[in-house]
Amino acid sequence: MKQPTPQVTVHEHPDIRGRRLLFRCWHRGTQESDLILGSFAERSLETLNSDQIGRFEALLNCTDPDLFDWIFGVSDPPPEHDNDVMELLRSFCNERNRAPRQISQHRI
């Protein structure tokens, strides 16, 4: 389901735009989407320029199944979404999957 695009004005404060994006990322509707997009947004929003944030907002208007397919390489994104932000999102997910997981050692 396509989410409505929030009305963003040219004069909107970057902090407000960032908070709106964080909310959208953490409230997608599925836990998997929330974890991927919310974590990416928390880590990356401060380093993205205005154009990149616009491309990220455009990605958020896509469906979760499409995003998952593009992020995990099941299919190629359409040209309008095959950009630097998609590459950053893919890299972010690849890094998270490669990170060693700590397993607690319990004695029985």
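Contact here means heavy atoms within 4.5 Å, and helices (H or I, at least four residues) are DSSP runs numbered from the N terminus. This is a predicted model, in which local features need pLDDT of at least 70, side-chain atom pairs count only at pLDDT 80 or more, and totals for chains, interfaces and linings use all residues. Residues are numbered from 1 along each chain as its sequence is written, and side-chain values use heavy atoms, leaving out hydrogens and water.

**View A. The buried face of helix H3.** Welcome to H3, whose buried residues (under 20% relative accessible area, 1.4 Å probe, protein chains only) are Gln52, Ile53, Phe56, Glu57, Leu59 and Leu60. Down the axis of H3 they fall within an arc of 155° (taken from the directions from the helix axis to the C-beta atoms), so they line one face of the helix. Their cover includes helix H1 (14–26), helix H2 (31–44), helix H4 (64–71) and H5.

**View B. Helix H3 meets helix H5.** The axes of H3 (residues 50–60) and H5 (residues 84–98), lines fitted to C-alpha atoms over the stretch in contact, come within 9 Å and cross at roughly 70°. H3 and H5 are therefore roughly perpendicular (65 to 115 degrees, with angles between N-to-C directions running from 0 to 180 degrees). Here Gln52, Arg55, Phe56 and Leu59 of H3 touch Asp84, Val85, Met86 and Leu88 of H5.

**View C. Aromatic rings.** Rings of Phe, Tyr and Trp (its six-membered ring) pair if their centres lie within 6.5 Å, which gives 3 aromatic pairs. The ring centres of Phe68 and Phe72 are 6.3 Å apart with planes at 55°, so this pair is tilted (neither under 30 degrees, stacked, nor over 60, edge-to-face). Elsewhere, ring pairs join Phe40, Phe56 and Phe92 into a cluster.

How values were computed. Helix = DSSP H or I, 4+ residues; strand = E, 2+ residues; numbered from the N terminus. Parallel < 35°, antiparallel > 145°, perpendicular 65-115°, else oblique. Buried < 20%, exposed > 50% of the residue type's maximum accessible area, 1.4 Å probe, protein only.
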